[in-house]
Amino acid sequence: MNQDEMKQAVAKAAIEYVVPGTIIGVGTGSTANFFIDELASIKGKIEGTVASSVASAERLKGHGIPVFDLNAVDGISVYIDGADESTKHLHLVKGGGGALTREKIVAAASEKFVCIADESKLVDRLGKFPLPVEVIPMARSLVAREIIKKIGGEPVLREGFTTDNGNIILDIHNLDIMDPVKTEEILNDITGVVTNGLFAMKPANTLLLGCQDGVKVIE
Ligand code: 5RP
């Protein structure tokens, strides 16, 4: 299986985790796109979705799948989304597609987070993939200085990119994240930071990992 086939396999496997008659949280990215395409085949069995980005909402609507505003629903049974990195403890780095804030919000509103990823995303330690941080534009320099002071690494502005919330992204390169929960807390505490891409304080509940020999379930 190539990488896309592995992504497709986990997207298909995630359908098992869809709770009929409920609202499903839907993530962003190429793996989430495969999941959206799979979800289309059972769209009559769910009440609808909440999307973590404008792009995913458009793709869902294109399939005729109802998309609700998060404020219009009572709850979400399960959130299904990809990741840029995951450890075996299901601590994640997300936000490669820049949707980290809405992803964290939809994940927080969901009873369960099922992460879907190909085997290249499983790592021993997080940080090789540059850690995305969404920042209020006027705080860019302040936040970059504070990041260097408090956790090190090299924050780099994602050029020409604006989030769905109208903010910028700083990608922190050259990090070796020994304590993901602590690092997430430190970044959350920096004034001007909207969200950081670490999902460690509230990790995924299940990781469906696409491997050469099939889909592995890690819980
Ligand atoms: C988007 C994300 C994605 O889940 C992450 O970037 C993985 O993307 P892909 O499925 O394309 O590898 O966090 O903000």
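## Salt bridges in this model

A salt bridge here is a side-chain nitrogen of Lys or Arg within 4 Å of a carboxyl oxygen of Asp or Glu. With that in mind, welcome to the structure above, which is a predicted model. Searching the whole structure for such pairs turns up 10 salt bridges. Side chains of opposite charge can pair when their charged atoms come close. A few of these pairs make good landmarks for a newcomer, and they are introduced one by one below.

## Pairs that join two helices

Start with R59 and D37, whose side chains form a salt bridge with an N to O distance of 2.9 Å. R59 belongs to helix α3 (residues 54–62) and D37 to helix α2 (residues 30–39), so this pair ties together parts that are 22 residues apart in sequence. Both partners can be looked up by their exposure: R59 is partly exposed, with a relative accessible area of 34%, and D37 is partly exposed as well, at 31%.

Next, look for K104 and E184, which also form a salt bridge; their closest N and O atoms are 2.8 Å apart. Here K104 sits in helix α4 (residues 100–108) and E184 in helix α6 (residues 180–188), so the two tie together parts that are 80 residues apart in sequence. Are these two residues buried or exposed? K104 counts as buried, with 18% relative accessibility, and E184 counts as buried too, with 4%. Buried means under 20% relative accessible area, so the 18% of K104 falls within that class.

## A pair within one helix, and a network

The salt bridge between E58 and K61 has an N to O distance of 4.0 Å. These two residues are three apart in helix α3, and about one helical turn separates them. E58 is partly exposed, at 48% relative accessible area, and K61 is partly exposed, at 47%.

Salt bridges can also be found linked together in this model: D81, K94 and E103 are joined in a network of them. Keep D81 in mind, as it returns in the next section.

## Around the ligand

Which residues are closest to the ligand? The ligand is surrounded by 17 residues, and the closest are S30, T31, D84, G95 and K121. Sorted by class, this shell holds two nonpolar, nine polar and six charged residues.

Several side chains place N or O atoms by the oxygen atoms of the ligand. For S30, an N or O atom of the side chain is 2.5 Å from a ligand oxygen. For K121, the corresponding distance between a side-chain N or O atom and an oxygen of the ligand is 2.6 Å. D81, a member of the salt-bridge network, has a polar side-chain atom 3.5 Å from an oxygen atom of the ligand. Taken as a whole, the protein covers 91% of the 370 Å² of accessible area that the ligand has on its own.

## A nonpolar patch on the surface

On the outside, I136, M138 and V194 make a nonpolar surface patch of about 310 Å². To find M138, go to the loop between β7 (131–135) and α5 (140–150). M138 counts as exposed, with a relative accessibility of 79%.

## Backbone details to look for

G25 is a residue of strand β1 (residues 23–26). It is buried, with a relative accessible area of 0%. In sequence, G25 and T49 are 24 residues apart, yet in space their C-alpha atoms are 5.6 Å from each other.

Which phi values do L90 and N174 have? L90 has a positive phi of about 70 degrees, although it is not a glycine. N174 is not a glycine either, and has a positive phi of about 60 degrees. Both residues are in loops: L90 lies between β4 (85–86) and β5 (92–93), while N174 is found between β9 (168–173) and α6. Their exposure can be compared with the cut-offs for the classes, as L90 counts as buried at 3% relative accessibility, whereas N174 counts as exposed at 61%.

Note on methods
Residues are numbered from 1 along each chain as its sequence is written. Side-chain values use heavy atoms; hydrogens and water are left out. A residue is near a molecule or strand if one of its heavy atoms lies within 4 Å of it. A polar contact is a pair of N or O atoms within 3.5 Å; within protein, one must be able to donate a hydrogen and the other to accept it, and residues adjacent in sequence count only if both atoms are side-chain atoms. Accessible areas come from the Shrake-Rupley method with a 1.4 Å probe; for residues, only the protein chains shown count as cover. Ala, Val, Leu, Ile, Met, Phe, Trp, Tyr, Cys and Pro count as nonpolar, Asp, Glu, Lys and Arg as charged, and the others, Gly among them, as polar. Helices (H or I, at least four residues) and strands (E, at least two) are DSSP runs, numbered from the N terminus. Buried means under 20% relative accessible area, exposed over 50%, partly exposed in between (1.4 Å probe, protein chains only). Patches are made of residues with over 30% relative accessible area and no salt bridge: like charges are joined within 9 Å, nonpolar side chains (Val, Leu, Ile, Met, Phe, Trp, Tyr) within 5 Å.
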